[in-house]
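Colleague: Would you please take a close look at one part of this model, and explain it in terms that a first-year student can follow?

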Amino acid sequence: MITGNGAAAWGARLARAEIIPNFPITPQTAIIEEIASWIASGEMDADFLPMESEHSVISALAAASSAGTRVFSATSSQGLLLMTEMMFVTSGLRLPVILVNVSRGLSAPITLWSDHNDVLVQRDSGWLQMFCSNNQEVLDSVVMGYKIAENSEVLLPMMINLDGFTLSATREPVEIPSHDEIDDFLPAYNPKHTILDPKEPMSMGGAVFDEYMYFRSQQRMAMQNSKSVITDVCAEWEKMTGRGWGRGLVEPYCLDDADRALLICGSESAILKYTVDKLRKDGEKVGMLRLRTMRPFPCEEIVDALSDVEEIGVIDQDISPGSGGIIATEVKACLGRGVTSFIAGLGGRRIGVEKYEKIFGRLGRDVEEWIF
Amino acid sequence: MKIINISYDGESGVPVIREPASALKNNTGTWRVFRPTIDSDRCVRCGKCWVFCPEGAIHVDDEDIWIDYDHCKGCGICVNECRFITAQREV
Amino acid sequence: MKTPDLKKLTDIPMEDYLVGGHVACQGCSASLGLRLALKVLGKDTVVINGSGCMTLLPVYPTTPLRVPWLHLAIENSGAAGTALYYALRRKNINANILCYAGDGATYDIGLQSLSGAAEKNIDMIYICYNNQSFGNTGHQRASSTPRASYTSTTPVGKVEAAKDMPAIMAAHKIPYIATACPSYPIDFVNKVTKAAEVKGMAYIDLLVPCPVGWGFDPAEGINIGRLAVRTGMWKLYEITDGRFSMSYIPKKRRKVSEYLRAQGRFSHLSDADIGAIQVEVDREWDALEARGYEYELGI
């Protein structure tokens, strides 16, 4: 039984991350505390670098990754926002950094509780974004994350999101694979595209003129390539562990004959699944689609999964004031039809079975509705 | 959505410059307005012009001292430092 | 510590690790400073750069460097250097880590990150190439800008005095701190050698007269640097393990007007203004002389 934070730390340990720059922020801090204790006791061989800000953390991640080491860190909320400038630098330099975000609503006013606005601010930063629904998925995603990010068809950083407190502080049974298993699955990181070795001097991070658009196109293509890489890596993981997480990009639940469905991401999907089961017992044809990756955005997978569903709703634990639910906006664009957009669970506001039941009764309108 | 007109170039599409000192291909000598000339007969090999050249465009060996005019930007520091170096306007 | 033994210009290594063909301005002392530093640091050096003028040395697809170079952003050279120290150790690469960042990136936006690296006493050399302004963006005010200097954001002259950055570094108790100027190349390269030999962090504040920002002919850069030192407006010193010692004491200090009148950025000053600066500089040197040119900082 370990917490989501413990699972994230175990992911880094199993992947043999070598450099761990860090800065404390609630509700992430337990991840780095766990790693600090393992390094101190000799259970984990890594350098623990307490930095002076999250900006320095991401700078250290980028520099150490440029030099060809495998790196890991975790942050949350305001910390993730402080990293923003360097998020773009890291993806632009094509560094396969793995960063766990323990999601927490943004100030002001201050909240410690979870929602997805912090992650979604970084939506366009060129990072792969993975949302986890339980602690086992956190551990699995961190390990798989390295294999995906370091793939030569991808070479992009990845952010792995777990919801603050609901996952980060909650103990769940988690199967921890052995080091031997993971070493076979994930070879050591020895990059050729970036290295800071006097034997092979490269200049990184310089200016470009006309080539800027070319390099951006390469990032776009790398992100596009990542879709099949994620699917393949999840299939390989499933063969090894029995857990495929819906083969990567989305996890469909009871959608085969559904006439109504809700799209959601993160740990709230667990209670939504329970609600779907409950309503199905009453004969209602409801289903759920869980978004695992926000970037790459799994448009084809969403269309495939929801094409026969008549009424679709999207739960957004985020809000873009002036536009609406961020995920709903993207889903509408990819489906080419209206969906009912529900803004719920901001700042950790509990959604729960009753509210989900109410939401299922309110589909079929092209509106934005707030569920308090 | 299908992306129709770009392709993935793998590691060569990473913005890294791999060839050391490749800037020597750039001819910054075209910036020059005044051309320094060393009177090598009177040169005493003190090393001043060579040390102070921001471009590293002055070369010295056992036999000779010369200016790499492909990279000398004509700043005039060497002319200021040494009475055996003179400047003429480029024609 | 082995005492660096370069005595004459021709002792400076011939090999260049920063070559020409880059887009630094005519007569740029910052690129000269890097060229000289790399001569003594040699090929086993990795450079971290904070955004500034020197960031434009490598412009895709060409680089004037023969050593690895990483630029990330303006404010994080200290953090990048810290991580690089551990990463190179993991990769079994034995190399000098040189952070080469401007004064804006050092005194102002990058101070937090630099302080973090200094507090950890990371084994690296941090050279601040100091043109006393945000030079690359067109000479705006920085906390390193001296009092009275025109900048594009202090059109009538800066009111406040420059921050004493070496003293801030000394407060971090790092083993080696120095000031230098490329106009004194032997002094500078010997200091770089010491900085490389010292175990732990070394900080060198390198005054780089900037023809464009300061307003003088590019040919005059070396002379302007000499005048800064000979008028006593830029002091060359070292702080080794907490012990301050002057590296060069002008026998007879030149009048500050010689230095100030040679630059556009001080052209608005009246004789009375310059007189006041002379008084200030004289007072500093009197205090220094009274104390002796070498003493324990006691921090």
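**Chain C, one helix, and a sheet in chain A**

Modeller: In chain C, 56% of the 299 residues count as buried. The model is a predicted one. Chain C contains 10 helices and 9 strands, and its C-alpha atoms fill a box of roughly 60 × 45 × 40 Å along the principal axes. The radius of gyration of chain C is 18 Å, which agrees with the value near 19 Å for a compact globule of 299 residues. Among the contacts in chain C with a separation of 6 or more, 68% join residues 24 or more positions apart.

Let us now turn to a single helix. Helix α6 of chain C covers residues 185-197, that is, 13 residues. From first C-alpha to last, α6(C) reaches 18 Å, close to the 18 Å expected at 1.5 Å a residue. Several residues of α6(C) are buried, including C:Pro185, C:Phe188, C:Val189 and C:Val192. The buried residues also include C:Lys191 and C:Lys194.

For strands, consider chain A. Strands of a sheet pair through backbone hydrogen bonds, either parallel or antiparallel. In chain A, an open sheet of 5 strands follows the order β3-β4-β6-β5-β11, with mixed pairing. Strands β3 (72-75) and β11 (293-295) of chain A stand at the edges with a single partner strand each, so one side of each is left without a neighbour in the sheet. On average, neighbouring strands of this sheet are turned by 20° against each other, direction ignored. At one edge, β5 (residues 128-131) of chain A runs antiparallel to β11(A), and 2 bridges join them. Here A:Met130 stands opposite A:Thr293 in β11(A).

Methods. Residues are numbered from 1 along each chain as its sequence is written. Chains are lettered from A and ligands numbered from 1 in the order in which they are written. This is a predicted model: local features need pLDDT of at least 70, side-chain atom pairs count only at pLDDT 80 or more; totals for chains, interfaces and linings use all residues. Helices (H or I, at least four residues) and strands (E, at least two) are DSSP runs, numbered from the N terminus. The radius of gyration is taken over C-alpha atoms; the globule rule is 2.2 Å times the number of residues to the power 0.38. A residue is buried if 20 or more other C-beta atoms lie within 10 Å of its own, exposed if 12 or fewer, and partly exposed in between; C-beta atoms are placed from the backbone. Two residues are in contact if their C-beta atoms, placed from the backbone, lie within 7 Å. The expected span of a helix is 1.5 Å times one less than its number of residues. Two strands pair if DSSP finds at least two bridges between them. Axes are lines fitted to C-alpha atoms, for helices over the stretch in contact, and angles run from 0 to 180 degrees between N-to-C directions.
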